[in-house]
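Work through the following exercises with the sequence and the structure side by side. Try each task before reading its solution.

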Amino acid sequence: GTGSGIMTPDYASPEQVRGEPVTTATDIYSLGVLLYELLTGVRPFNFKAKSLEKIIQTVCEIEPERPSTLAIRLDSQRSGRSLSEKDIPFENVNSKLLEGDLDNIISMAMRKEPERRYLSVEQFGEDVRRHLHGLPVVARQNTIGYRASKFVRRNKAGVAAASGIVLALVAGIIGTYWQSTVAAHERDLALAQAKKADRINNFLKEMLASTDP
C-alpha cells in the first residue's frame, strides 16, 4: 500500500511494520515466524484481505497462538471435519512435541520488544540445537526442576539404573528396620514374660514360706 515499507507482512516484525529501523532483532523475529510455520504448517497470523492498518495492529498488539495450542485446535477441527483437505496444513502435528521448549523458543524469537528477543541469530540457532540434544534452553526459566527433567531425559538408562539401586537400598533399609522392630518387639515381650514369671515365683515362695507345717 501507499506509504508502507518494503516487507512481507506475514514475516514482518512490529518495528518493521511501523517503519522503524531494521536490525538483527528483526531477522530473528522473521526466523521465529518461519520456525512456527515449519512446525505447524501455518503462519502465526492470517493477513488475507486485511488492510495495512489491521496488519500493523495485529503484529504490534496481538500475541500469536502458541504452536502446541494451535496443534490441539487443528487436530480437534480435523476430527470434527470442520477443515477441508486443502485447509489442513499437516497431518498429526504432535502438540506434546511442541509444548515446552519449542513453544518458548518461538515465543522468545517473536517477542514484540526487539530487546527481549534472542541477542543474535547464533543464540537462536543454539537454543534450537540444545533442544534437539535434550539440553536446557535459554528461552525457558532455568529452574532446578526444569534442569533435572532435562537431565533425566538425556540419561534415561543411567537414571533408571540409579533409581533401581536407590529403590533396592530403600527396600533394604525398610526391611532391616522392620526386622529390627520385630526383634525389639519380641525382646520386649520375652522380658515382660520373664518379669511375669518372676512375680509368680516370688508370690509362690512368699505364700509357701508363711504356711505353718
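**Exercise 1.** Determine how helix H6 and helix H7 are oriented relative to each other in this predicted model.

*Solution.* Begin with the axes: those of H6, residues 101–109, and H7, residues 121–132, come within 10 Å and cross at roughly 175°. Next, compare this angle with the cut-off, since angles over 145 degrees count as roughly antiparallel. It follows that H6 is roughly antiparallel to H7.

**Exercise 2.** Identify the residues through which H6 and H7 meet, and sort them by character.

*Solution.* On the H6 side, the residues in contact are Asp101, Leu102, Ile105 and Ala109, and on the H7 side they are Phe124, Asp127, Val128 and His131. Sorting the residues of this contact then gives five nonpolar, one polar and two charged.

**Exercise 3.** Decide whether H6 is largely enclosed by the rest of the structure, and justify the decision.

*Solution.* First list the buried residues of H6, where buried means under 20% relative accessible area: they are Asp101, Leu102, Asp103, Ile105, Ile106, Met108 and Ala109. Because seven of the nine residues of H6 are therefore buried, the helix is largely enclosed by the rest of the structure.

**Exercise 4.** Describe the chain to which these helices belong, from its secondary structure to its surface.

*Solution.* Start with the elements: the chain holds nine helices and zero strands. Turn then to burial, for which 26% of the 213 residues count as buried. Among contacts with a separation of 6 or more, 58% come from residues 24 or more positions apart. Finally, the chain exposes about 14400 Å², of which carbon and sulfur atoms supply 59%.

Terms used:
Residues numbered from 1 in each chain as written. Predicted model: local features only at pLDDT ≥ 70, side-chain atom pairs only at ≥ 80, totals over all residues. Heavy atoms only, no water. Axes fitted to C-alpha atoms, helices over the stretch in contact; angles between N-to-C directions. Helix = DSSP H or I, 4+ residues; strand = E, 2+ residues; numbered from the N terminus. Parallel < 35°, antiparallel > 145°, perpendicular 65-115°, else oblique. Contact = heavy atoms within 4.5 Å. Nonpolar A, V, L, I, M, F, W, Y, C, P; charged D, E, K, R; others polar. Buried < 20%, exposed > 50% of the residue type's maximum accessible area, 1.4 Å probe, protein only. Areas by Shrake-Rupley, 256 points an atom, 1.4 Å probe, with all protein chains shown as cover.
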